[in-house]
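Here are a few exercises to work through with the model open in your viewer. Try each task before you read its solution.

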Amino acid sequence: MASATHSSLSRDSGCCRETQASTDPGGYSDYAVAFSPDGSILADGDCRGRTYLRKPATRKITATLTDLGSNCVGALAFSPDRRILAAGDRNGGTYLWNPVKGKITATLRDPGLYQSVNDVAFSPDGSILAAADDSGSTYLWNPAAGTFIGTLHFPGGFIINPVYAVAFSPDGKTLADGGGTDSDVTYLWNPITEKITATLRAPAARSYVAALAFSPDGKTLAVGDGNGSIYLWNLAVRKITATLYDPNTAGIGAVAFSPDGKTLAVGDLNGNTYLWNLNRLPLAARGAASRCATGTRAWPAHRRRRPPRHSRSHPG
(Lines give C-alpha, C1' and ligand atoms only; values in the text may rest on other atoms or scores of the structure.)
Protein backbone atom coordinates (compact mmCIF):
# COMPACT_ATOMS: atom_id res chain seq x y z
CA MET A 1 0.00 0.00 0.00
CA ALA A 2 1.44 3.36 -0.95
CA SER A 3 2.14 5.86 1.76
CA ALA A 4 0.15 9.07 2.07
CA THR A 5 1.59 12.09 0.30
CA HIS A 6 1.93 15.36 2.17
CA SER A 7 2.57 18.55 0.24
CA SER A 8 2.39 22.25 0.99
CA LEU A 9 -0.65 24.32 0.15
CA SER A 10 -0.21 26.62 -2.80
CA ARG A 11 1.75 29.71 -1.70
CA ASP A 12 0.26 31.96 -4.39
CA SER A 13 -3.34 31.15 -3.50
CA GLY A 14 -3.33 33.72 -0.73
CA CYS A 15 -5.89 31.85 1.33
CA CYS A 16 -4.14 29.26 3.42
CA ARG A 17 -0.86 27.55 4.19
CA GLU A 18 0.03 24.14 5.52
CA THR A 19 1.63 24.54 8.94
CA GLN A 20 2.35 20.92 9.83
CA ALA A 21 2.45 17.49 8.27
CA SER A 22 2.04 14.22 10.16
CA THR A 23 3.06 10.91 8.65
CA ASP A 24 1.82 7.42 9.36
CA PRO A 25 4.45 5.54 11.44
CA GLY A 26 4.11 2.49 9.20
CA GLY A 27 4.12 4.44 5.96
CA TYR A 28 0.49 3.59 5.20
CA SER A 29 -2.23 5.79 3.75
CA ASP A 30 -4.52 7.61 6.16
CA TYR A 31 -8.17 6.79 5.48
CA ALA A 32 -9.95 9.01 8.00
CA VAL A 33 -9.22 11.98 10.25
CA ALA A 34 -11.16 13.74 13.00
CA PHE A 35 -10.53 16.47 15.57
CA SER A 36 -11.94 16.28 19.06
CA PRO A 37 -14.51 19.03 19.73
CA ASP A 38 -12.03 21.09 21.75
CA GLY A 39 -9.28 20.62 19.18
CA SER A 40 -6.89 19.01 21.64
CA ILE A 41 -6.76 15.63 19.87
CA LEU A 42 -6.31 14.72 16.23
CA ALA A 43 -7.21 11.16 15.30
CA ASP A 44 -6.15 9.58 12.02
CA GLY A 45 -6.85 6.03 10.89
CA ASP A 46 -4.90 4.00 8.35
CA CYS A 47 -5.38 1.00 6.09
CA ARG A 48 -3.91 -1.55 8.48
CA GLY A 49 -6.37 -0.89 11.28
CA ARG A 50 -4.43 1.63 13.37
CA THR A 51 -5.89 4.86 14.71
CA TYR A 52 -3.32 7.31 16.02
CA LEU A 53 -4.14 9.99 18.56
CA ARG A 54 -1.91 13.03 18.31
CA LYS A 55 -1.42 16.42 19.91
CA PRO A 56 -1.98 18.81 16.99
CA ALA A 57 0.50 21.36 18.34
CA THR A 58 3.42 18.92 18.55
CA ARG A 59 2.24 16.23 16.08
CA LYS A 60 3.37 13.64 18.62
CA ILE A 61 1.44 10.40 18.93
CA THR A 62 -0.05 10.00 22.40
CA ALA A 63 -1.82 6.68 21.78
CA THR A 64 -2.27 3.99 19.14
CA LEU A 65 -5.64 2.28 18.92
CA THR A 66 -5.64 -1.04 17.06
CA ASP A 67 -8.72 -2.23 15.19
CA LEU A 68 -9.66 -5.70 16.45
CA GLY A 69 -10.10 -6.90 12.90
CA SER A 70 -6.85 -5.23 11.78
CA ASN A 71 -8.81 -3.77 8.89
CA CYS A 72 -8.86 -0.37 7.24
CA VAL A 73 -10.30 2.40 9.40
CA GLY A 74 -12.60 4.26 7.02
CA ALA A 75 -14.53 6.60 9.32
CA LEU A 76 -13.84 8.49 12.54
CA ALA A 77 -15.91 10.80 14.75
CA PHE A 78 -15.64 12.13 18.30
CA SER A 79 -18.68 12.42 20.52
CA PRO A 80 -19.61 16.01 21.46
CA ASP A 81 -18.25 15.53 25.00
CA ARG A 82 -14.97 14.06 23.63
CA ARG A 83 -15.36 10.94 25.75
CA ILE A 84 -15.93 8.55 22.83
CA LEU A 85 -14.12 8.10 19.56
CA ALA A 86 -16.08 6.04 17.03
CA ALA A 87 -13.99 4.20 14.45
CA GLY A 88 -15.67 2.34 11.58
CA ASP A 89 -13.76 -0.22 9.54
CA ARG A 90 -14.22 -2.03 6.24
CA ASN A 91 -15.19 -5.28 7.95
CA GLY A 92 -18.39 -3.79 9.29
CA GLY A 93 -17.16 -3.03 12.78
CA THR A 94 -17.61 0.27 14.59
CA TYR A 95 -15.48 0.44 17.71
CA LEU A 96 -16.18 2.90 20.50
CA TRP A 97 -12.96 3.95 22.15
CA ASN A 98 -12.24 5.79 25.35
CA PRO A 99 -9.56 8.11 23.92
CA VAL A 100 -8.11 8.87 27.35
CA LYS A 101 -7.65 5.27 28.46
CA GLY A 102 -7.09 3.92 24.94
CA LYS A 103 -9.58 1.10 25.50
CA ILE A 104 -12.63 -0.13 23.60
CA THR A 105 -15.85 0.40 25.52
CA ALA A 106 -18.16 -1.22 22.95
CA THR A 107 -18.10 -2.99 19.59
CA LEU A 108 -20.99 -2.28 17.24
CA ARG A 109 -21.23 -4.93 14.55
CA ASP A 110 -22.82 -3.83 11.27
CA PRO A 111 -26.04 -5.84 10.83
CA GLY A 112 -25.63 -5.67 7.04
CA LEU A 113 -23.53 -8.82 6.68
CA TYR A 114 -20.23 -7.18 7.55
CA GLN A 115 -20.54 -4.35 5.09
CA SER A 116 -17.93 -1.61 4.98
CA VAL A 117 -18.67 1.31 7.33
CA ASN A 118 -18.29 4.40 5.14
CA ASP A 119 -19.19 7.22 7.52
CA VAL A 120 -20.09 7.81 11.15
CA ALA A 121 -21.67 10.80 12.90
CA PHE A 122 -22.86 11.66 16.40
CA SER A 123 -26.03 13.60 17.07
CA PRO A 124 -25.36 17.01 18.67
CA ASP A 125 -26.31 15.75 22.14
CA GLY A 126 -24.29 12.56 21.69
CA SER A 127 -27.27 10.27 22.30
CA ILE A 128 -27.23 8.71 18.80
CA LEU A 129 -24.41 7.41 16.64
CA ALA A 130 -25.19 6.94 12.96
CA ALA A 131 -23.09 4.50 10.91
CA ALA A 132 -23.53 4.31 7.13
CA ASP A 133 -22.59 1.20 5.16
CA ASP A 134 -22.42 -0.38 1.71
CA SER A 135 -25.75 -2.21 2.04
CA GLY A 136 -27.77 0.98 1.66
CA SER A 137 -28.39 1.32 5.38
CA THR A 138 -27.62 3.83 8.08
CA TYR A 139 -27.72 2.16 11.48
CA LEU A 140 -28.54 4.09 14.62
CA TRP A 141 -26.88 3.18 17.90
CA ASN A 142 -27.01 4.28 21.51
CA PRO A 143 -23.29 4.94 22.09
CA ALA A 144 -23.61 5.17 25.87
CA ALA A 145 -25.16 1.71 26.15
CA GLY A 146 -23.62 0.24 22.99
CA THR A 147 -27.06 -0.91 21.87
CA PHE A 148 -28.84 -0.93 18.51
CA ILE A 149 -31.68 1.57 18.01
CA GLY A 150 -32.89 1.24 14.44
CA THR A 151 -32.22 1.22 10.71
CA LEU A 152 -32.68 3.86 8.04
CA HIS A 153 -32.68 2.00 4.74
CA PHE A 154 -32.50 3.57 1.30
CA PRO A 155 -35.77 3.13 -0.59
CA GLY A 156 -35.55 1.11 -3.79
CA GLY A 157 -36.52 -2.46 -3.06
CA PHE A 158 -33.85 -4.91 -4.18
CA ILE A 159 -31.53 -2.24 -5.56
CA ILE A 160 -28.62 -1.82 -3.14
CA ASN A 161 -27.16 1.67 -3.13
CA PRO A 162 -24.30 2.24 -0.68
CA VAL A 163 -24.57 5.08 1.81
CA TYR A 164 -21.41 7.18 1.67
CA ALA A 165 -22.26 10.22 3.77
CA VAL A 166 -24.29 10.98 6.88
CA ALA A 167 -24.80 14.17 8.89
CA PHE A 168 -27.00 15.47 11.71
CA SER A 169 -28.59 18.90 11.70
CA PRO A 170 -27.40 21.24 14.48
CA ASP A 171 -30.62 20.71 16.46
CA GLY A 172 -30.43 16.92 16.05
CA LYS A 173 -33.95 16.69 14.67
CA THR A 174 -32.88 15.75 11.15
CA LEU A 175 -30.41 13.22 9.81
CA ALA A 176 -29.27 13.45 6.20
CA ASP A 177 -27.75 10.54 4.33
CA GLY A 178 -26.77 10.02 0.72
CA GLY A 179 -24.84 7.75 -1.59
CA GLY A 180 -26.10 5.63 -4.43
CA THR A 181 -24.45 5.08 -7.80
CA ASP A 182 -26.09 7.46 -10.25
CA SER A 183 -29.11 8.86 -8.45
CA ASP A 184 -27.71 11.95 -6.66
CA VAL A 185 -30.44 11.65 -4.02
CA THR A 186 -30.20 12.79 -0.41
CA TYR A 187 -32.76 11.67 2.15
CA LEU A 188 -33.75 13.64 5.23
CA TRP A 189 -34.88 11.50 8.14
CA ASN A 190 -36.46 11.99 11.51
CA PRO A 191 -34.00 9.91 13.58
CA ILE A 192 -36.61 9.28 16.28
CA THR A 193 -39.46 8.02 14.10
CA GLU A 194 -37.02 6.63 11.49
CA LYS A 195 -39.21 8.10 8.74
CA ILE A 196 -38.16 10.05 5.65
CA THR A 197 -39.25 13.68 5.91
CA ALA A 198 -37.91 14.87 2.55
CA THR A 199 -36.15 13.64 -0.59
CA LEU A 200 -33.67 16.00 -2.20
CA ARG A 201 -32.96 15.05 -5.80
CA ALA A 202 -30.30 16.86 -7.79
CA PRO A 203 -31.38 18.22 -11.21
CA ALA A 204 -28.81 16.11 -13.07
CA ALA A 205 -28.98 12.70 -11.41
CA ARG A 206 -25.91 11.03 -12.87
CA SER A 207 -23.62 10.53 -9.92
CA TYR A 208 -23.50 9.60 -6.24
CA VAL A 209 -23.71 11.71 -3.09
CA ALA A 210 -20.24 11.78 -1.58
CA ALA A 211 -20.36 14.44 1.16
CA LEU A 212 -22.91 16.25 3.33
CA ALA A 213 -22.79 19.19 5.73
CA PHE A 214 -25.40 21.32 7.48
CA SER A 215 -24.78 25.02 7.91
CA PRO A 216 -24.40 26.13 11.56
CA ASP A 217 -27.92 27.61 11.58
CA GLY A 218 -29.35 24.41 10.09
CA LYS A 219 -31.03 26.26 7.24
CA THR A 220 -28.79 25.03 4.44
CA LEU A 221 -27.53 21.59 3.46
CA ALA A 222 -24.46 21.30 1.24
CA VAL A 223 -24.42 18.18 -0.92
CA GLY A 224 -21.29 17.25 -2.87
CA ASP A 225 -21.40 14.60 -5.58
CA GLY A 226 -19.03 12.45 -7.59
CA ASN A 227 -19.23 14.68 -10.66
CA GLY A 228 -17.86 17.76 -8.93
CA SER A 229 -21.13 19.56 -8.19
CA ILE A 230 -22.02 21.06 -4.81
CA TYR A 231 -25.68 21.84 -4.29
CA LEU A 232 -26.80 24.24 -1.57
CA TRP A 233 -30.30 23.33 -0.46
CA ASN A 234 -32.64 25.68 1.36
CA LEU A 235 -34.25 23.22 3.75
CA ALA A 236 -37.25 25.40 4.54
CA VAL A 237 -38.52 25.35 0.95
CA ARG A 238 -36.62 22.21 -0.20
CA LYS A 239 -35.07 24.06 -3.14
CA ILE A 240 -31.53 24.49 -4.45
CA THR A 241 -30.39 28.07 -3.94
CA ALA A 242 -26.96 27.69 -5.51
CA THR A 243 -24.92 25.18 -7.48
CA LEU A 244 -21.14 25.32 -7.21
CA TYR A 245 -18.83 23.50 -9.60
CA ASP A 246 -15.44 22.11 -8.76
CA PRO A 247 -12.99 24.18 -10.86
CA ASN A 248 -11.01 20.99 -11.53
CA THR A 249 -14.14 19.05 -12.57
CA ALA A 250 -13.17 16.42 -10.01
CA GLY A 251 -15.47 14.43 -7.76
CA ILE A 252 -16.17 15.84 -4.30
CA GLY A 253 -14.75 14.12 -1.24
CA ALA A 254 -15.64 16.42 1.67
CA VAL A 255 -17.62 19.56 2.50
CA ALA A 256 -17.63 21.67 5.67
CA PHE A 257 -19.05 25.03 6.74
CA SER A 258 -17.05 27.54 8.77
CA PRO A 259 -18.48 28.20 12.26
CA ASP A 260 -20.01 31.50 11.09
CA GLY A 261 -21.53 29.83 8.02
CA LYS A 262 -19.98 32.34 5.60
CA THR A 263 -17.43 30.00 4.03
CA LEU A 264 -17.77 26.53 2.58
CA ALA A 265 -14.68 24.34 2.28
CA VAL A 266 -14.80 21.69 -0.44
CA GLY A 267 -12.22 18.96 -0.93
CA ASP A 268 -12.06 17.11 -4.24
CA LEU A 269 -10.65 13.82 -5.49
CA ASN A 270 -7.74 15.55 -7.21
CA GLY A 271 -6.33 16.69 -3.88
CA ASN A 272 -7.55 20.29 -4.00
CA THR A 273 -9.48 22.21 -1.37
CA TYR A 274 -11.54 25.21 -2.42
CA LEU A 275 -12.95 27.87 -0.13
CA TRP A 276 -16.19 29.43 -1.28
CA ASN A 277 -17.36 32.81 -0.03
CA LEU A 278 -21.08 32.20 0.33
CA ASN A 279 -21.80 35.91 0.80
CA ARG A 280 -20.46 36.67 -2.69
CA LEU A 281 -22.37 34.13 -4.74
CA PRO A 282 -23.69 35.79 -7.91
CA LEU A 283 -27.16 35.17 -9.25
CA ALA A 284 -25.70 32.62 -11.61
CA ALA A 285 -24.80 30.73 -8.44
CA ARG A 286 -21.44 29.61 -9.67
CA GLY A 287 -19.71 31.20 -6.69
CA ALA A 288 -16.40 32.94 -6.07
CA ALA A 289 -13.89 30.32 -5.07
CA SER A 290 -10.64 30.86 -3.27
CA ARG A 291 -8.40 27.98 -4.24
CA CYS A 292 -6.05 26.20 -1.86
CA ALA A 293 -4.14 23.54 -3.77
CA THR A 294 -2.93 20.68 -1.58
CA GLY A 295 -1.07 18.89 -4.35
CA THR A 296 -1.08 15.14 -4.79
CA ARG A 297 -3.13 13.17 -2.31
CA ALA A 298 -3.51 9.46 -1.71
CA TRP A 299 -7.30 8.94 -1.71
CA PRO A 300 -8.77 6.04 0.32
CA ALA A 301 -9.46 2.90 -1.67
CA HIS A 302 -13.03 2.60 -0.38
CA ARG A 303 -13.78 6.03 -1.82
CA ARG A 304 -11.98 5.33 -5.06
CA ARG A 305 -14.38 2.52 -5.83
CA ARG A 306 -17.56 4.45 -5.15
CA PRO A 307 -18.75 5.14 -8.68
CA PRO A 308 -19.71 2.11 -10.80
CA ARG A 309 -17.24 1.13 -13.50
CA HIS A 310 -19.43 2.46 -16.28
CA SER A 311 -19.72 5.87 -14.64
CA ARG A 312 -18.03 8.81 -16.32
CA SER A 313 -17.26 10.23 -12.90
CA HIS A 314 -14.97 7.40 -11.87
CA PRO A 315 -12.06 9.06 -10.03
CA GLY A 316 -9.55 6.51 -11.13
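**Exercise 1.** Work out how strand 10 and strand 11 pair, and over how many bridges.

Solution. Start with the ranges: strand 10 covers residues 129–133 and strand 11 covers residues 137–142. They run antiparallel, with four bridges between them; strands here are DSSP runs (E, at least two residues), numbered from the N terminus, and two of them pair if DSSP finds at least two bridges. Next, pick out one bridge: Ala-132 has Thr-138 of strand 11 as its partner.

A word on the ground rules: this is a predicted model, where local features need pLDDT of at least 70, side-chain atom pairs count only at pLDDT 80 or more, and totals for chains, interfaces and linings use all residues. Residues are numbered from 1 along each chain as its sequence is written, and side-chain values use heavy atoms, leaving out hydrogens and water.

**Exercise 2.** Place the two strands in their sheet and find its edge strands.

Solution. The sheet is open and antiparallel, with four strands in the order 9-10-11-12. Strand 9 (117–122) and strand 12 (147–153) each pair on one side only, which makes them the edges.

**Exercise 3.** Classify the ring pair of Tyr-139 and Phe-148, then check whether each residue is buried or exposed.

Solution. Rings of Phe, Tyr and Trp (its six-membered ring) pair if their centres lie within 6.5 Å; planes under 30 degrees apart are stacked, over 60 edge-to-face, the rest tilted. At 6.1 Å centre to centre and 55 degrees, this pair is tilted. Now the cover: Tyr-139 is buried at 6% relative accessible area, while Phe-148 is partly exposed at 42% (buried is under 20%, exposed over 50%, partly exposed in between; 1.4 Å probe, protein chains only). Finally, ring pairs join Tyr-139, Trp-141 and Phe-148 into a cluster.
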